[in-house]
Amino acid sequence: MSIRKHVEQALACLVDQPMWAAGLAGPIAWFQFGSRRVVPNPRTGGTKEVGEYALHVDCPWRWVEAWGDSRADHHAEHGGLAHLGHPPPICNGASATDRGAIELSFNDGSRLLVEPDLEEDTEEWWRLLQPSVDAPHFVVGSSGIERDA
């Protein structure tokens, strides 16, 4: 099976799910999808709200409107992504290339484009995970696809 097919198969879980929160953790952009869950927060000792799925991106990306204007990108300031999930767009499609790029389309016509810099030998471009669930992460980087515990 091609890399594209493996990636599209992994991303299929996001289809029909709302993307209800986005933000930054250092250089990594995160996007929360699906049902909201409250889980323990080991850093604070309290709790935090996470999605059923999360997409973490550590390469160039853009969120574009239906008409093509950029709504946010990898140069966004801390806190500059919160507006992306209001109102929560529903993912209605996921496609990929054999080179690790992905496109998520949403019911409002917007798209999330993740476009790895193929010139950089980066260990990880993006990962798909289920926060606070003991399941492997689906990781894509310059060396291909990996499963990370």
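**Figure 1. Strand S10, from residue 137 to 141, is largely enclosed by the rest of the structure, because five of its five residues are buried.** In this predicted model, both faces of S10 are covered, with His137, Val139 and Gly141 buried on one side and Phe138 and Val140 buried on the other. The split into two sets follows a general pattern, in which the side chains of a regular strand alternate between the two faces of the sheet. S10 pairs with S9 in the antiparallel sense over three bridges, and it is also joined to strand S11, residues 144-148, by five bridges that are again antiparallel. Within the pairing of S10 and S11, Val140 has Ile145 as its bridge partner, and these two strands form a hairpin with two residues between them.

**Figure 2. Leu128 in strand S9 and the residues around it.** Strand S9 covers residues 126-129, and in S10 the bridge partner of Leu128 is Phe138. Is Leu128 buried or exposed? Its relative accessibility is 6%, and because buried means under 20%, Leu128 counts as buried. Beyond the residues up to four places away in sequence, Leu128 touches Ala10, Leu11, Cys13, Leu14, Tyr53, Ala54, His137 and Phe138. One of these contacts, Tyr53, stands 75 residues from Leu128 along the chain, while the C-alpha atoms of the two are separated by 7.1 Å.

**Figure 3. Phe31 in strand S2 and its contacts.** Phe31 counts as buried because its relative accessibility is 0%. When neighbours within four places in sequence are left aside, Phe31 is in contact with Met19, Ala21, Ala22, Tyr53, Ala54, Leu55, Val57, Trp61, Trp63, Leu84 and Leu112. Gly46, which is 15 residues from Phe31 along the chain, has its C-alpha atom 21 Å from that of Phe31.

**Figure 4. Asn41 in the loop between strands S2 and S3.** The loop that holds Asn41 links S2, residues 28-40, with S3, residues 47-57. Although it belongs to a loop, Asn41 counts as buried, because its relative accessibility is 16%. Not counting residues up to four places away in sequence, Asn41 touches Gly46, Thr47 and Lys48.

**Figure 5. Strand S4 and its two antiparallel partners, S5 and S8.** Strand S4, residues 61-64, is joined by four bridges to strand S8, residues 111-114, and the two run antiparallel. S4 also pairs in the antiparallel sense with S5, residues 70-73, over three bridges. Val64 takes part in both pairings, since its bridge partner in S8 is Arg111 and it stands opposite Ser70 in S5. The hairpin of S4 and S5 has five residues between the strands, and there Gly68 takes a positive phi near 105°.

**Figure 6. Backbone features in three loops, at Asp16, Pro87 and Ser132.** As a general background, most residues other than glycine have a negative phi, and most peptide bonds are trans. Asp16, which is not a glycine, has a positive phi of about 75°; its place is in the loop between helix H1, residues 3-11, and strand S1, residues 19-25. Asp16 is exposed, with a relative accessible area of 60%. Ser132, found in the loop between S9 and S10, likewise has a positive phi, near 60°, in a residue other than glycine, and it is exposed with a relative accessible area of 53%. The peptide bond from His86 to Pro87 is cis, with omega near -10°, and Pro87 lies in the loop between S5 and strand S6, residues 91-96.

**Figure 7. The chain as a whole, with one helix and 11 strands, as a setting for the close-up views.** From the N terminus on, the elements run α-β-β-β-β-β-β-β-β-β-β-β. The radius of gyration of the chain is 15 Å, which agrees with the value near 15 Å that a compact globule of 149 residues would have. Along its principal axes the C-alpha trace spans about 40 × 40 × 30 Å, and 41% of the 149 residues count as buried. Among contacts between residues at least 6 apart in sequence, 50% join residues at least 24 apart. The accessible surface comes to about 7900 Å², and 49% of it belongs to carbon and sulfur atoms. The chain has 12 positive and 22 negative side chains, and the centres of these two sets lie 5 Å apart.

How values were computed. Residues are numbered from 1 along each chain as its sequence is written. This is a predicted model: local features need pLDDT of at least 70, side-chain atom pairs count only at pLDDT 80 or more; totals for chains, interfaces and linings use all residues. Side-chain values use heavy atoms; hydrogens and water are left out. The radius of gyration is taken over C-alpha atoms; the globule rule is 2.2 Å times the number of residues to the power 0.38. Buried means under 20% relative accessible area, exposed over 50%, partly exposed in between (1.4 Å probe, protein chains only). Contact means heavy atoms within 4.5 Å. Accessible areas come from the Shrake-Rupley method with a 1.4 Å probe; for residues, only the protein chains shown count as cover. Lys and Arg count as positive and Asp and Glu as negative; His and the chain ends are not counted. The place of a charge is taken as NZ of Lys, CZ of Arg, CG of Asp or CD of Glu. Two strands pair if DSSP finds at least two bridges between them.
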